[in-house]
Amino acid sequence: SEQQSSGDDVVRRTGWVFNNEKGDDLTLEEFVATGDAEVGAYLTVFGLRTPDPETQSIVEIGCGIGRMTCAFTREYASVVACDLDAGFLERCFETVSQFGRVDRLRTSHVLDGHTLDLPPNSTDVAFSYITLQHCDTDDALELTSEAVRITKPRGKVVLNYRARSP
């Protein structure tokens, strides 16, 4: 992502963002719209719509360039977007600046790939989607433990796993 000059360029040149589709007609705005739709569905299905959007917080583990982060910043008072890739965190901030509420965003670099630099019991929701399957098993398990560690009592931990292909 650091080699492209804009979020639109990342979307156009990186096939993984649109089910491996590439092309000059793809836009960051469309990419974010796919995240908006998914976040809305997940918030409803998993009971994550906050009763008090002015105080609730969420940590997104594996935010990428901010596809879902934008919607989270519209739903939660505080969003911490975490990623292993510092370039993704920069793009996430840019994306949220365009399509979300940047005043509600903070980023956190996962330097070692498995430890969140966040205090215990500090978030209402820990969330991860399409990230943990890219991790080695030990790192995914450690990130799972970290998600539980940072979530407040009676908070929610929502993590997506998919078996890795051999």
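**Fold, helix packing and a pocket in the predicted chain**

Of the 166 residues in the protein chain, 46% are buried. The model is a predicted one, and its accessible surface comes to about 8700 Å². Carbon and sulfur atoms account for 49% of that surface. Five helices and five strands make up the secondary structure of the chain, and they follow one another along the sequence in the pattern α-α-β-α-β-α-β-β-α-β. The contacts tell a story of long reach along the sequence: when contacts between residues at least 6 apart in sequence are considered, 66% join residues at least 24 apart.

Helix α2 is a good place to begin a closer look. This helix covers residues 28-45. With 18 residues at 1.5 Å a residue, α2 should span 26 Å, and the distance of 26 Å between its end C-alpha atoms agrees with that expectation. The buried residues of α2 are L28, F31, V32, G35, V39, G40 and L43, a list that includes the glycines G35 and G40. After the helix comes G47, with a positive phi near 65 degrees.

Helix α5, which holds the 14 residues 137-150, passes the same kind of check. Its expected span, at 1.5 Å a residue, is 20 Å, and its end C-alpha atoms are indeed 20 Å apart. Buried along α5 are A140, L143, T144, E146, A147 and I150. Viewed down the helix axis, these buried residues fall within an arc of 160 degrees, so they line one face of α5. T137, D138, L141 and V148 are exposed on the other side of the helix. The cover over the buried residues of α5 includes three strands, namely β1 (57-61), β4 (123-128) and β5 (151-159).

Strands β4 and β5 appear again at the second largest pocket, which encloses about 170 Å³ of space. The lining of this pocket consists of 14 residues, and those closest to its centre are Q56, D124, V125, R154 and K156. The elements that contribute two or more residues to the lining are β4 and β5. Strand β5 supplies the largest share, with five residues.

R154, one of the residues closest to the centre of that pocket, deserves a paragraph of its own. This residue is found in strand β5, and its phi is positive, about 70 degrees, although R154 is not a glycine. With a relative accessibility of 82%, R154 counts as exposed, since the cut-off for that class is over 50%. A positive phi in a residue other than glycine also occurs at N121, where the value is near 50 degrees. N121 sits in the loop between β3 (105-109) and β4. Its relative accessibility of 46% makes N121 partly exposed.

Finally, F88 belongs to helix α4, which comprises residues 86-99. The relative accessible area of F88 is 19%, and F88 is therefore classed as buried, the limit being under 20%. F88 and H109 are 21 residues apart along the chain, and their C-alpha atoms are separated by 9.6 Å.

Technical notes. Residues numbered from 1 in each chain as written. Predicted model: local features only at pLDDT ≥ 70, side-chain atom pairs only at ≥ 80, totals over all residues. Heavy atoms only, no water. Helix = DSSP H or I, 4+ residues; strand = E, 2+ residues; numbered from the N terminus. Buried < 20%, exposed > 50% of the residue type's maximum accessible area, 1.4 Å probe, protein only. Contact = heavy atoms within 4.5 Å. Areas by Shrake-Rupley, 256 points an atom, 1.4 Å probe, with all protein chains shown as cover. Expected span 1.5 Å × (residues − 1). Arc of directions from axis to C-beta. 1 Å grid on protein atoms, 1.4 Å probe; cavity = no way out; pocket = protein on both sides within 12 Å on 5 of 7 lines; lining within 4 Å. Points joined across faces, edges and corners; volume = space filled by probe spheres on them.
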